[in-house]
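Please open the structure in your viewer and keep the sequence panel visible beside it. The tour below goes from one selection to the next and says what is there at each stop.

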Amino acid sequence: MEIALEEAKKAYRLQEVPIGAVIVKDGEIIARGHNLRETEQSAIAHAELLAIRDACDIEGTWRLEDAALYVTLEPCPMCAGAILQSRIKRVVFGAYDPKAGCAGTFMNLLQDSRFNHQCELVQGVLGDECGEILSRFFRELREKKKRKKKLAQLENQMTFDKE
């Protein structure tokens, strides 16, 4: 999970939502990824999906049956679907996502017996650390928006005063 946090920090430095993921097989990291939605302007550039894509390329198969995914935020519905489709055996996540978490918080797609595959699930690993980087990112984003709004108001007032 510490390496997934390092991936999240890479996303943070890119001003992306700081989520990181790594895929481990036979005790070795075979793929890693971090959120790149803004950079790539792609709704599907989630850390998990990028790591899954790379792991499939490296393994030469779409089946990651003996792999474990470590991710700093509970997977969303899209990522949970990709995890199931790639047959990842085990998912370990850090921070809970009450708005979109599909590994037990909002719903649990990863262990739904109606699917032909279920994952072992470990929740809340380094959860405080994973949650803190997300909280800091969104706090800073809100502050930036406030400053931008205030600046726009000042500029409007200056324009009004000139007239």
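Begin by selecting Gln-15, which sits in the loop between helix H1 (2-13) and strand S1 (20-25); helices (H or I, at least four residues) and strands (E, at least two) are DSSP runs, numbered from the N terminus. Before going further, note that this is a predicted model, in which local features need pLDDT of at least 70 and side-chain atom pairs count only at pLDDT 80 or more, while totals for chains, interfaces and linings use all residues. Residues are numbered from 1 along each chain as its sequence is written, and side-chain values use heavy atoms, with hydrogens and water left out.

Stay on Gln-15 for a moment: its phi is near 65°, a positive value in a residue other than glycine. Gln-15 is exposed, with a relative accessible area of 55%, where exposed means over 50% relative accessible area, buried under 20%, and partly exposed in between (1.4 Å probe, protein chains only).

Next, select strand S1, in which five of the six residues are buried, so that S1 is largely enclosed by the rest of the structure. Add strand S2 (residues 28-34), which runs antiparallel to S1 and is joined to it by six bridges; two strands pair if DSSP finds at least two bridges between them. One pair to pick out is Lys-25 with its bridge partner in S2, Glu-28. This hairpin of S1 and S2 has two residues between the strands, and there Asp-26 takes a positive phi near 55°.

Now add strand S3 to the selection: S1 and S3 run antiparallel and are joined by five bridges. Here you can look for Ile-23, whose bridge partner in S3 is Leu-69.

Move on to helix H4 (residues 77-85), where Cys-79, Ala-80, Ile-83 and Leu-84 are buried. Seen down the axis of H4, the buried residues fall within an arc of 140° (taken from the directions from the helix axis to the C-beta atoms), so they line one face of the helix. Which elements cover these buried residues of H4? Among them are helix H3 (47-59), strand S3 (67-73) and strand S4 (90-95). Just after H4, select Arg-87, which takes a positive phi of about 65°.

For the last stop, go to Leu-126, found in the loop between strand S5 (120-122) and helix H5 (127-162). Leu-126 is a residue other than glycine with a positive phi, near 55°, and at 28% relative accessibility it counts as partly exposed.

Conventions:
Contact = heavy atoms within 4.5 Å.
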